[in-house]
Amino acid sequence: MGKITGFLEIDRRDRKYEPAADRVRHYHEFVIPLGDAGTREQAARCMDCGIPYCHNGCPVNNQIPDWNDLVYRGEWLKALRNLHSTNNFPEFTGRICPAPCEASCTLNIPDTPVTIKTIECAIVDKGWEEGWITPQVNRVKTGKSVAVIGSGPAGLACAQQLARAGHDVHVYEKNAKAGGLMRYGIPDFKLEKRLIERRVAQLQAEGVTFHYNAHVGIEISIDELVAKYAAVALSGGAEKPRDLPIPGRELGGIHFAMEFLPQQNRRVSEEPLANVTPILAGGKHVVVIGGGDTGSDCIGTSNRQGALSVTQIEIMPAPPEKENKGLTWPNWPMKMRTSSSQEEGVTRDFAVATIRFEGENGVVKALHCARADEKFQPIPGTEFVLKADLVLLAMGFVGPVRDGMIKELGVELDKRGNVLADMLQYKTSKEKVFSCGDMRRGQSLVVWAIREGRQCARAIDLSLMGATDLPR
């Protein structure tokens, strides 16, 4: 695909960032696109490799070699149509997906994978610029109505597919705006919220009705929705955070990441904070506990708020700088990665066990730590203290919040506490009720949420109509 000898003639070149000293002064996206010519050149590197292992890494089954070839030939509109046939929202994945497809690329064996994520983003951005992306309205209505609970990427994908099948779709969102974790968790410097707004506008034009500030299970009875609609899709997130129950946890200044990040996102979008105590990193020594993407988002936000210092600790040992390709390829490797937020300024430390928080006048002032052994237990004699005026817990999520909707519905859960449903029918133990995304599979990637939303929509359409034209 692409230019047959392109991978031999053209070096890998990816998007660049604005200088860190400049980008920490604002909350806008800071990625510099390659432009049409640069993107076509990179698409030309896609090999005719026989077995496209990039498919192995892509949860939404993007036909990557096909649209790489179309971009190389300058057929952008065809590339966009191909891309949209498998992915409802490539502008999201083209910005915040970790690109497991690139890890699976044959050219990743010598560490020069095709810049798949960059090409994907360029295709859809060009589609918006050219006005090619418009509502796809199905004039033939089925007379069936479906409720989708949650407007994150799974809910939005599910709703759009169902609307395009001709169903009357109603999305219920507990917050004031749609987007879920993409809106309230991921900072604007990674994903500007205007991108979500235009997709919501597209869904509305396709017939989807959004109900905001509608907390199902708290303000609205889930049983009433099940009785009212022909089918209900549970597509909420896995929002229950993993806590750190050590001495001093009750001190002020210790917060979950998802208490901290949504506040700043609301400030940027000028959405009211309501009656909450502001959590701000300005002028403080910040400690982020957890080494994943959420922890990186806390780092970038803290630096932009003017933190005096930011330290990130992780209980896992430091991963290797480079993976053993003979053992890992084409699977996603565990290796040292440095995010754009980490590049902006942070002290990272690994194999750190947290022992207790220390406070003064009811507010945290320090975190007592020690080196962790292979069982993640503190090693005696290795204790040390970190100064901390603000501690952000970013250690992942343990499943969906069960109080409210899930408890009221009485739906069966799996052994991890997620809503039990398989990946073929997406049916729960409750009649007419389906589930997809993080609420079904646990904390995961946006690209997996989109995949599950699409497949859940197909399962619902098949259940309601006896047949379906929606793709898996």
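Visitor: In this predicted model, which residues of H10 are buried?
Guide: Buried means under 20% relative accessible area. In H10 the residues that meet this are Pro 153, Ala 154, Gly 155, Leu 156, Ala 157, Cys 158, Ala 159, Gln 160, Gln 161, Leu 162 and Ala 163.

Visitor: How many of the 12 residues of H10 are buried?
Guide: H10 is largely enclosed by the rest of the structure. That is because the buried count is 11 of the 12.

Visitor: How far does helix H10 reach from its first C-alpha to its last?
Guide: Helix H10 covers residues 153–164. At 1.5 Å a residue, 16 Å is expected. The model comes close to that, at 16 Å.

Visitor: Which residue with a positive phi follows H10?
Guide: Its phi is near 105 degrees. The residue is Gly 166.

Visitor: Is Lys 144 buried, partly exposed or exposed?
Guide: Lys 144 is found in the loop between helix H9 and strand S3. Its relative accessibility is 32%. Partly exposed runs between under 20% and over 50%, so Lys 144 counts as partly exposed.

Visitor: What separates the C-alpha atoms of Lys 144 and His 167?
Guide: Lys 144 is in contact with His 167, and also with Asp 168, Ala 230, Leu 464 and Met 465. Along the chain, Lys 144 and His 167 are 23 residues apart. Their C-alpha atoms are separated by 5.4 Å.

Visitor: Which residues form a nonpolar patch on the surface with Met 316?
Guide: Met 316 lies in the loop between strand S10 and helix H16. Met 316 is partly exposed, at 41% relative accessible area. The patch has about 250 Å² of accessible area together. Met 316 shares it with Ile 315 and Phe 376.

Technical notes: Residues numbered from 1 in each chain as written. Predicted model: local features only at pLDDT ≥ 70, side-chain atom pairs only at ≥ 80, totals over all residues. Heavy atoms only, no water. Helix = DSSP H or I, 4+ residues; strand = E, 2+ residues; numbered from the N terminus. Buried < 20%, exposed > 50% of the residue type's maximum accessible area, 1.4 Å probe, protein only. Contact = heavy atoms within 4.5 Å. Patch = residues over 30% accessible without salt bridge, like charges linked within 9 Å, V, L, I, M, F, W, Y side chains within 5 Å. Areas by Shrake-Rupley, 256 points an atom, 1.4 Å probe, with all protein chains shown as cover. Salt bridge = Lys/Arg side-chain N within 4 Å of Asp/Glu carboxyl O. Expected span 1.5 Å × (residues − 1). Lists of a residue's contacts leave out its neighbours within four places in sequence.
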